[in-house]
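Biologist: I'm new to this one. Could you pick a single part and take me through it slowly?

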There are 2 protein chains.
Amino acid sequence: MNIALDVMGGDNAPQEIVAGAVDAARIYGVTVSLVGPPDVIAAELAQYSTAGLRLPIIPAKQIIEMGEKPVQAVRNKPESGIVIGSKMVRRGEAQAFVTAGNTGAALTTGILHVGRVSGIVRPALITPFPTQKGLCVILDVGANANTRPENMQQFGIMGSIYAQHILGVDNPRVRVLSNGEETGKGSRLIIDAYQLLAQTPGLNFQGNVESIEVMTGIADVVVTDGFTGNVFIKTAEGVAQMLQAIMREELKRGPVTTMGAFLAQSGLRRVRGRLDDSQYGGAVLLGLRGPIIVTHGRSKANAIRHAIRIAKQAIEQDLTQRVQEGVSGSMALSIAEFGKDAQLMTPVQKEPALYSV
Amino acid sequence: MNIALDVMGGDNAPQEIVAGAVDAARIYGVTVSLVGPPDVIAAELAQYSTAGLRLPIIPAKQIIEMGEKPVQAVRNKPESGIVIGSKMVRRGEAQAFVTAGNTGAALTTGILHVGRVSGIVRPALITPFPTQKGLCVILDVGANANTRPENMQQFGIMGSIYAQHILGVDNPRVRVLSNGEETGKGSRLIIDAYQLLAQTPGLNFQGNVESIEVMTGIADVVVTDGFTGNVFIKTAEGVAQMLQAIMREELKRGPVTTMGAFLAQSGLRRVRGRLDDSQYGGAVLLGLRGPIIVTHGRSKANAIRHAIRIAKQAIEQDLTQRVQEGVSGSMALSIAEFGKDAQLMTPVQKEPALYSV
């Protein structure tokens, strides 16, 4: 098993990226192909005892920076780690690719150079999200700025497969993110997507979920369009950051409070631990012919190590094949079940739906 | 000045609602018309010394429950507090209406019985949101499930007027919520709305804002469609609730941590105080011929009192008139400035835009 890793991606490259790769190679026994400038990688590797570990260096002399425009960057930098890593997956030289770099560039190169699973119209970015009862997954969180109901149906199928085979959830409960729990609530897009999801054979679809209810653990898979999903995860991250900043500020005022915070620090550390997302392994771009894992730009060694763990699981569980089967199986089943009326399932495909009212 | 109040709305009715009304009448010297069952209200009022306070009782024998379907409920319960309170505003018997009840019913009766300001296509629900540097306002947070770019342009105008006259912000910085900061980021709806907002005379429009940046205080007014705005505020609320639950759990483990939390309690209380939204006065339905203030269903006396304060400010600042002027002024100005090309400003009005890609 060979997992390609973008050594120069993210805020803490290359130190933390290489550190995570060394850990992952040791702990999981996988080959991690380090894609980046050979001299830089060699210098980093020299700091570790890597005897017996499989950490080949794959030269990539260009770097796509975090702020670059994805499509242009991918076009102009064919020798970047992101492009070379993806092409390794396409050619079967690696079975997955991990990057903490420019998300947009990873999506672009994924679609362009890895390619979509046949039948998947739009790949989706799926991410684990902590709830009071454990993890759920939410998709799409930003692969698509514009989404159609039939894309969201496929997100539901892919999310369900992911929850089952990567998180180990039996018969995952799938819900669609809306502005109210009741059936019929939502924008036109959501109402149409709801209909399609409800009619998808083999999917344990349980209706709408409000964002405030996601945190209670009511769903294993939350389906949403890429725009709303992106707002959702960035809102959650922003609020968590703000609360922690307010806590730090208020707990430092006055000696008694400071002493209290000192005594409570093991508890506060546990709180931070439960909020720490580095153990989750980051977001996965689903619907491609090989998984691309996109971890947070601020990823440190631990996050990189866990991203490689997710990549390993995705390969072992043959996630790509299962997505392929899931999408075509569900389609075949729909047609068999609904006969000629199967077309009715996707009324919006014939005519573009409106976002107007 | 007469402000109508729905006595039976919300989880803590009628006790906390009447308590808030008594406080508001005393502190702000306004008339608060208590709309609800006279015997219930009289029994509550009997607990306070209300000599000299103006707290007339307006009979309303029906109650719209929190879970009822808005349109049906408003139609079937013409004798409910929500309907009677709104009609008072329409007839000029009250200048604003406050409720902690069914938000959907308040919106429905607002549009149906209070009526829209001429020129306003879609009213919007605006709510204050705490940032690290004070408050911003965000709209629409749920009055509309489906939104068009030209609605969002009006949201920008109304939000700017609100920030200026209710929050006292000079030349409010207006941004549109998107999935990236850069111009050109966003769904088709957002990109079209961006264009319109950028061309609106008199508006201090500063481009996109990501949800994670909203909390840093980079904008005074955040414009969004009603679906995304609803997801935004409910996500923020859900995350804040979850973090507080995790804190409580972790700080109770073990005697040292518990002691620490005890010593730190004044700091933790300040944290809760900064998160407490009861002082903000709730959401306001803008674009109607009189303001309707919709506070959280869990509102207690303090939240009701502040909602009445916001109603008083809205009346004193003649918010309705300013919205009217803002919308028609901006339109007149656009036509004067852009001449015949003014039509170019709203290309999407001619042809329904798509949410498809």
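Modeller: Let's look at one helix and what it meets.

This is a predicted model, where local features need pLDDT of at least 70 and side-chain atom pairs count only at pLDDT 80 or more, while totals for chains, interfaces and linings use all residues. Residues are numbered from 1 along each chain as its sequence is written, and chains are lettered from A and ligands numbered from 1 in the order in which they are written.

Our part is helix H7 of chain B, residues 188-198 (helices are DSSP runs of H or I, at least four residues, numbered from the N terminus). Start with its partner, helix H6 of chain B, residues 149-165: the two axes, lines fitted to C-alpha atoms over the stretch in contact, come within 8 Å and cross at roughly 50 degrees. That's why H6(B) counts as oblique to H7(B), the label for angles outside under 35, 65 to 115 and over 145 degrees.

Who touches whom? On the H7(B) side you'll find Leu189(B), Asp192(B), Ala193(B), Leu196(B) and Leu197(B), and they meet Pro149(B), Glu150(B), Met152(B), Gln153(B) and Gly156(B) of H6(B) (contact puts C-beta atoms, placed from the backbone, within 7 Å). By class, that contact has 6 nonpolar, 2 polar and 2 charged residues (Ala, Val, Leu, Ile, Met, Phe, Trp, Tyr, Cys and Pro are nonpolar; Asp, Glu, Lys and Arg charged; the others, Gly among them, polar).

Now look across to the other chain. The contact takes 57 residues from chain B and 57 from chain A. H7(B) is one of the elements giving two or more residues to chain B's side, though H9(B) gives the most, with 20 residues. In all, chain B's side has 30 nonpolar, 18 polar and 9 charged residues.

Key: Two residues are in contact if their C-beta atoms, placed from the backbone, lie within 7 Å. Axes are lines fitted to C-alpha atoms, for helices over the stretch in contact, and angles run from 0 to 180 degrees between N-to-C directions.
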